[in-house]
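Work through the exercises below with the model open beside you. Try each task before reading its solution.

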Amino acid sequence: PDLWYTDRGGNRNRECISLFADEQSSILGRTPLQCYEDFMRSFGDAFERDLQRGGAISEVLVGCGPCGELRYPSYPEALGWRFPGVGEFQCYDKRALASLAEAAEEFGQPEWGLGGPDDAGWYNAKPHEASFFAYGRWNQEYGRFFLGWYGHQLLAHGERLMGVADRALRSRFPHVMFGMKCAGVHWWHGLESRPAALTAGYCPLPLSRASELLGVENKDGDQGEGDEEDEEEVENDKAVVESVPFYTALARLFNQNRMQLAFTCVEMAATDHPAEFACAPESLLREVRLAAALEGVSVLGENALEVYGRGQFNHLALERMVTASRPISVSWHEYSKATSAREAILNKAAVISAERDVTLPPLTGLTFLRLSMEMMRADYVDPWSTFVRAMNNPSRGASSPGGANNNISTTADENLNTKPSDEKISV
């Protein structure tokens, strides 16, 4: 039973195996990672012809959790969650608790290893009903420790699955693009605490944990005559950036493992929901795209919910999907903030260009959710054709007018080592 994610109340979620069991010989003497690898090899065997260059399959997404997404199952409808509840931390199976206890012992606070925060509410709580979020405990020493551990474990799980995919599939089909999907947890994103994102595992990481995960070492050893000033710049920059945003660390990890980032909620807008839910899907997508662009990671889009029914398309949602897939401009302030966080991981001072807006590249591809018998109705032919033409319009990929923007896909540093390919639409 301890293979499954478990919440504070002892409820087990059987949708997917807990990441804390990844390397435990718990399935007839085998680890879940070994089972995943066997499955991927079998997939490669079954679809070998389609996976060849020029075949039907040009891209593979590696599932990492509920709904195939890299996250904890913090908002399961099967256990009673309903939008926009903050969800619950999923860290109460025996292996999760052992990992937490070990981290707390190393941190010098063994009492912090007994479980997650006891004041984080319940699945359908609002942020003001959970003092962990409402009164800033998430950003105090205990909160930073716990969230740093929780988010680090999620990213480490993603990295392990990337290694499995490399061995089982990429080694055989190196021309195929590989990616992973993250959920667009946009509700309460407008709050500083972002509680729904935190319970899903999208947590800020302390610099030490981010550097450890990403294999970045501190600069030690002898210094040259002119290096003291550079060292001081690094220390000043690190003092400003005490923690690393989750998507900054995520993008760096994807860059290192040559993965594309698939992201949902491209059809949504804050105005779709009541203002008191602090939904911010547009700003969330901007944040993800900026972090990815700084690392040269291609971003794939997907609508989170179906945008048709009863013989009609949601035309506004379709327009948003077209708009979201285009190059977008971000302010110099957004760019400089993201750059500083990224350079803090790399242990060097940020080099930021002139104060002007920066243009992010378009999405690499779009998955349209979803092909069904309903979509086969004649009512959908014309609007669907219009949508596909709009997505294929060359002007969709043009840079913003005016010529005053930097194009981040060509002017960023040496780490921007991939460029978006021709966009694909998948259904």
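## Exercise 1: Aromatic pairs

The count comes to 36 aromatic pairs, where rings of Phe, Tyr and Trp (its six-membered ring) pair if their centres lie within 6.5 Å. Planes under 30 degrees apart count as stacked, over 60 as edge-to-face and the rest as tilted.

Task: Classify the pair of Tyr308 and Phe368, and place both residues in the chain.

Solution.
- Start with the descriptors. A pair of aromatic rings is described by the distance of the centres and the angle of the planes.
- For Tyr308 and Phe368 these are 6.3 Å centre to centre and 10° between the planes, and the pair is stacked.
- Now place the residues. Tyr308 is in strand β9 (residues 308-309), and Phe368 is in the loop between β13 (365-367) and α13 (381-392). They are 60 residues apart, so the pair links distant parts of the chain. Helices (H or I, at least four residues) and strands (E, at least two) are DSSP runs, numbered from the N terminus.
- Check burial. Buried means under 20% relative accessible area, exposed over 50%, partly exposed in between (1.4 Å probe, protein chains only). Tyr308 is buried at 9%, and Phe368 is buried at 2%.

A note on the basis of these values: this is a predicted model, in which local features need pLDDT of at least 70, side-chain atom pairs count only at pLDDT 80 or more, and totals for chains, interfaces and linings use all residues. Residues are numbered from 1 along each chain as its sequence is written, and side-chain values use heavy atoms, with hydrogens and water left out.

## Exercise 2: The whole chain

Task: Summarise the chain by its elements, burial, contacts and exposed area.

Solution.
- Elements: the chain has 14 helices and 15 strands.
- Burial: of the 427 residues, 51% are buried.
- Contacts (heavy atoms within 4.5 Å): take those between residues at least 6 apart in sequence; 79% of them join residues at least 24 apart.
- Area: about 20100 Å² is exposed, and carbon and sulfur atoms supply 49% of it. Accessible areas come from the Shrake-Rupley method with a 1.4 Å probe; for residues, only the protein chains shown count as cover.

## Exercise 3: Nonpolar cores

Task: Which residues have the most contacts inside the largest nonpolar core?

Solution.
- Define the set. A nonpolar core is a set of buried Ala, Val, Leu, Ile, Met, Phe, Trp, Tyr and Cys residues joined through side-chain atoms within 4.5 Å.
- The largest core has 109 residues; Phe89, Phe146, Val185, Tyr202, Tyr247, Leu250 and Phe368 have the most contacts inside it.
- Helix α5 (residues 141-170) gives the largest share of this core, 15 residues.
- Apart from this core lies another, of nine residues, among them Leu290, Ala293, Leu294 and Val358.
- Inspect Phe89. Leaving out residues up to four places away in sequence, its contacts include Thr6, Pro117, Phe132, Phe146 and Leu198.
- Inspect Gly158, also in helix α5. Gly158 is buried at 0%. With the same sequence exclusion, Gly158 touches Leu70 and Met180. Its C-alpha lies 8.9 Å from that of Leu253, 95 residues apart along the chain.

## Exercise 4: Cysteines

Task: How many disulfides does the structure hold?

Solution.
- Apply the cut-off: a disulfide is a pair of cysteine sulfur atoms within 2.5 Å. The structure holds zero.
- Test Cys265. The closest cysteine sulfur, in Cys279, is 10.0 Å from its sulfur, too far for a bond.
- Cys265 is buried at 2%, and Cys203 is buried at 0%.

## Exercise 5: Backbone details

Task: Describe the hairpin of β1 and β2, then find cis bonds and positive phi values elsewhere.

Solution.
- Strand β1 (residues 4-6) and strand β2 (residues 12-17) pair in the antiparallel sense over three bridges. Two strands pair if DSSP finds at least two bridges between them.
- Thr6 has Arg12 in β2 as its bridge partner. Five residues lie between the strands, and Gly10 has a positive phi near 85°.
- Phe83 and Pro84 are joined by a cis peptide bond, with omega about 5°. Pro84 is in the loop between β3 (59-61) and α3 (94-107).
- Leu369 to Arg370 is also cis, with omega near -5°. Arg370 is in the loop between β13 and α13.
- Cys67 is not a glycine, yet its phi is positive, about 60°. Cys67 sits in the loop between β3 and α3.
- Arg194, also not a glycine, has a positive phi near 50°. Arg194 lies in the loop between β4 (177-182) and α6 (195-199), and is partly exposed at 27%.
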